[in-house]
Amino acid sequence: MARTDERFREAFNEALDLCKTMTAGDHLPSENDLAKRLDVSRTVVRAILEKLQDAKIITWVGRQKQLLRTPGDKDRLEVQTGQITEQQLERQFLDWILRFDVAPGTALNVAKLRRQFSVTPQMLHEFLASLSRFGLVRRRPKGGWQLLGFTPEFAIELSEFRMILELNAVSHLVRLPPEDPIWARLDELERKHRALAAEIDERFHDFSLLDEEFHTLIGSAVRNRFAAEFQKIVALIFHYHFQWDKTLERQRNEAAIGEHLRLIAALKARDVAAAQTAMTDHLSTSKQTLLSSLRVHALA
């Protein structure tokens, strides 16, 4: 597929997404506004409008472009791209947000984000919709998306809900039968923690990935699709916050390894009370580290 044809197909699908935000009878923006929104020339915009009219999605007479019906999936054009995976999009987008490349309240330029992350408009739209459930972004009244930002208030709410989820996961995990594969994985994680502790002076930067793996494993004890989706966002956010504040990083990571090992010991002993106390203490420390990291990054 030629690049020009591919770009037309991408822009046409973006126009369909715009139409989905409207109601039958509404008027589409001017050709100039559409060209800016879709990031294409007016020539391409006119070709898009012609195709929309042929599909009886709009009527187009002079400057008047009126929506006749809401487009469906069958109206979309196939686009061949080497797009990234959903997991890669999550990491790249959250990395972009959490490093404060944009200010809270900023309107998101979907066309630019789509090109930046090499994804289709539909994939980006679905991803932003999933983030809206966590309060990171919101749909604007007149269409498009707005970044609400990663604020201290958001961090506190996130930490409090994380506490609820992970304490629940701990109570599930200790009750799993000995033959469950999670125990072998927990043994392997214990070995990784002890190995990292033995080489902490040289490898303390490796802790953030180990922390993500550890909490993901604990969360997997709960077979709940909603908890799994939230856990994925939490893991990414708490993974990235380790990169912000380098103050006493080695000491913090060494202490966190000790907290993990304490929790692992309680889990392996099937001691629910001790495991929940260890998890509560660990997440309280993590919450304070996250808030501290936010302040340090804001000052920077």
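In this predicted model, strand β5 (residues 145-147) and β4 pair in the antiparallel sense, with three bridges between them. One residue pair shows how the two strands line up: Trp-145 in β5 is the bridge partner of Arg-139. As background, the strands of a sheet are held in register by backbone hydrogen bonds, and the pairing can be either parallel or antiparallel.

The pairing of β4 with β5 belongs to a wider arrangement. The sheet is open and has three strands in the order β3-β5-β4, paired in the antiparallel sense. Its edges are formed by β3 (107-108) and β4 (137-139), each of which pairs on one side only. In the strand order, β5 stands between β3 and β4.

Attention now turns to empty space inside the model. Such space is revealed by rolling a probe the size of a water molecule over the atoms. A search of the whole structure returns one cavity of 30 Å³ or more, and the volume of the largest cavity is about 60 Å³. The lining of the largest cavity consists of Leu-165, Ala-169, Gly-219, Val-222, Ala-227, Ala-228 and Gln-231. Two elements, α7 (152-173) and α11 (225-241), each give two or more residues to this lining. The most is given by α11, which supplies three residues.

What is the chemical character of the residues that line the largest cavity, in terms of nonpolar, polar and charged? Five of the lining residues are nonpolar and two are polar, while no charged residue takes part. Among the residues of the lining are Leu-165 and Val-222, along with Gln-231.

Notes
Residues are numbered from 1 along each chain as its sequence is written. This is a predicted model: local features need pLDDT of at least 70, side-chain atom pairs count only at pLDDT 80 or more; totals for chains, interfaces and linings use all residues. Side-chain values use heavy atoms; hydrogens and water are left out. On a 1 Å grid over the protein atoms alone, a cavity is a set of points where a 1.4 Å probe fits but cannot get out, and a pocket is an open set with protein on both sides within 12 Å along at least five of seven lines; lining residues have an atom within 4 Å of a point. Grid points are joined across faces, edges and corners, and a volume is the space filled by probe spheres set on the points. Helices (H or I, at least four residues) and strands (E, at least two) are DSSP runs, numbered from the N terminus. Ala, Val, Leu, Ile, Met, Phe, Trp, Tyr, Cys and Pro count as nonpolar, Asp, Glu, Lys and Arg as charged, and the others, Gly among them, as polar. Two strands pair if DSSP finds at least two bridges between them.
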